[in-house]
Amino acid sequence: MENAFELDTVLDIEKWEKLQDKIASATHLAILLVDYRGVPVTCHSQVKPFCHLARTDPQMSKYCEKCDARGGLEAARTYRPFIYRCHFDIIDMAIPITVEGRYVGAIMAGEIMLNHDQNDLEQVLDLTNLPEVAAFKSEHQQLLENYPHVSLNDLKLTADMLEELSEYIVSEAIKKDFLAMSYNKTLRFSKKSADNQQASEQHDSAFLNDALRYSLLQKRLQASGTYLAENKLLQPAIDAIFTNKDQHLDLQTLAELVNVSPNYLSRLLRKEFGESFSQIYAKLKIYWAQELLLTTDLSVNAISDTLGFLEPSYFIRSFKKITHMTPLKWRQQKKD
């Protein structure tokens, strides 16, 4: 399986472990974060005495690892939390972590018992007939009896909560590993000086607050004229669009900035703006043209070149399609 994310490199492990410890304390669950291979990424939080003995026993630990792997695989297969019984009849669960539809790891939690109907849950590894397993369980039976008991409904609610928490992990991965690097990439697209860019942003702010009044863009515009994306993954792509008004950046180029596929980026942009990429990009070009028509004496041909149109005639047709009038007529109407 190809994975773009390595949790131990994109996640702040120290911060996550502090949060993991608090959740474990509040829920009485043992919690562990593993990568897509099942390899632990964090230390085990609140591991119970019986499970600690089993996981440090050379023979028993192999069975524990098999249970973890099978639980994680089932969660990865269904993309849903999977609650199950281990080979010692202890309740565990695996909560998948996915990025762009790909399984990158799981939150493993459990070491708990149910109040009733425990045997209704699937046992992923049945070792009832193995003498060494039965002997180990019998020897430490008192430790098992001290495990906390919860209802299945409460455990499902906890699983749902931990699934939501995986959203945090995804956003952290994006923020630390992709967003920063991708934003740096956008800087290489810029051909403007800092002074020109600042002046451009001031013009953007004065103009876009009016011209985008019927667009979802307006909700996220900042005073500087920049756009703060609701989905942080999109920020480098949107910054590239706003920074490079003289170019026509395609989905492939923008997708490379945020390390996703063009199709996936297209869906994210539609969700962000409420319309397709081609529609919102065409409107932006015309909105920027209107700003130049209002604030400069540039000719229609010059504005066409400034905004990266191949031919002035195509710019005029595009402008008229959205505003229902030519650029010159629009300028004259606004200045009268």
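Where is the place of Tyr-79? In this predicted model, Tyr-79 sits in the loop between helix H4 (58-78) and strand E2 (82-85), and the legends below start from the whole chain before returning to that loop.

**Overview. The chain of the predicted model holds 15 helices and five strands.** Of its 336 residues, 48% count as buried, and the chain exposes about 17,400 Å², of which carbon and sulfur atoms supply 51%. When contacts between residues at least 6 apart in sequence are taken, 63% of them join residues at least 24 apart.

**View 1. Two residues that are not glycines have a positive phi, Tyr-79 and Asp-117.** The phi of Tyr-79 is about 55°, and this residue, placed in the loop between H4 and E2, is partly exposed, with a relative accessible area of 38%. Asp-117 has a phi of about 60° and belongs to the loop between strand E4 (102-114) and helix H5 (131-139); with a relative accessible area of 49%, Asp-117 is likewise partly exposed.

**View 2. Helices H4 and H5 pack at an angle of about 100°.** Their axes are 11 Å apart, and the two helices are therefore roughly perpendicular to each other, since angles of 65 to 115 degrees are placed in that class. On the H4 side the meeting residues are Gln-59, Met-60 and Tyr-63, and on the H5 side they are Glu-132, Val-133 and Phe-136.

**View 3. His-87 lies in the loop between E2 and strand E3 (91-99).** Is His-87 buried or exposed? Its relative accessible area is 6%, so His-87 is buried. Leaving aside neighbours within four places in sequence, His-87 is in contact with Met-60, Tyr-63, Cys-64 and Cys-67, and also with Gln-123, Leu-125, Leu-127 and Val-133. Among these contacts of His-87, Met-60 and Tyr-63 of H4 and Val-133 of H5 also take part in the meeting of the two helices.

**View 4. The cysteines shown here belong to a chain in which the count of disulfides is zero.** Cys-64 is in no disulfide, and the nearest cysteine sulfur, that of Cys-51, is 6.6 Å away; a disulfide would need the two sulfur atoms within 2.5 Å. Cys-64 counts as buried, at 7% relative accessibility. For Cys-86 the closest cysteine sulfur is that of Cys-67, and the separation of 5.2 Å is too far for a bond. Cys-86 also counts as buried, at 5% relative accessibility.

**View 5. Ala-69 is found in helix H4.** Its relative accessible area of 38% makes Ala-69 partly exposed. Ala-69 and Val-34 are 35 residues apart along the chain, and their C-alpha atoms are separated by 9.8 Å.

**View 6. The largest nonpolar core has 36 residues, and Leu-254, Leu-265 and Phe-315 touch the most other members.** Six elements give two or more residues to this core, namely helix H9 (235-243), helix H10 (251-258), helix H11 (262-273), helix H12 (277-295), helix H13 (300-306) and helix H14 (312-323). Which helix gives the largest share of this core? That helix is H12, which supplies nine residues. A second core, separate from this one, has 28 residues, and Cys-51, Met-60, Met-113 and Leu-125 are among them. As general background, nonpolar side chains in soluble globular proteins tend to be buried together.

**View 7. Helices H10 and H11 pack at an angle of about 90°, with their axes 9 Å apart.** H10 and H11 are therefore roughly perpendicular to each other. From H10 the contact is made by Leu-251, Gln-252, Leu-254, Ala-255 and Val-258, and from H11 by Pro-262, Leu-265, Ser-266 and Leu-269. If residues up to four places away in sequence are not counted, Leu-265 touches Leu-234, Leu-251, Leu-254, Ala-255, Val-258 and Val-260. Leu-265 thus appears in this view as a residue of the helix contact, and in the preceding view as one of the residues that touch the most other members of the largest nonpolar core.

Notes: Residues are numbered from 1 along each chain as its sequence is written. This is a predicted model: local features need pLDDT of at least 70, side-chain atom pairs count only at pLDDT 80 or more; totals for chains, interfaces and linings use all residues. Side-chain values use heavy atoms; hydrogens and water are left out. Helices (H or I, at least four residues) and strands (E, at least two) are DSSP runs, numbered from the N terminus. Buried means under 20% relative accessible area, exposed over 50%, partly exposed in between (1.4 Å probe, protein chains only). Contact means heavy atoms within 4.5 Å. Accessible areas come from the Shrake-Rupley method with a 1.4 Å probe; for residues, only the protein chains shown count as cover. A nonpolar core is a set of buried Ala, Val, Leu, Ile, Met, Phe, Trp, Tyr and Cys residues joined through side-chain atoms within 4.5 Å. Axes are lines fitted to C-alpha atoms, for helices over the stretch in contact, and angles run from 0 to 180 degrees between N-to-C directions. Angles under 35 degrees count as roughly parallel, over 145 as roughly antiparallel, 65 to 115 as roughly perpendicular and the rest as oblique.
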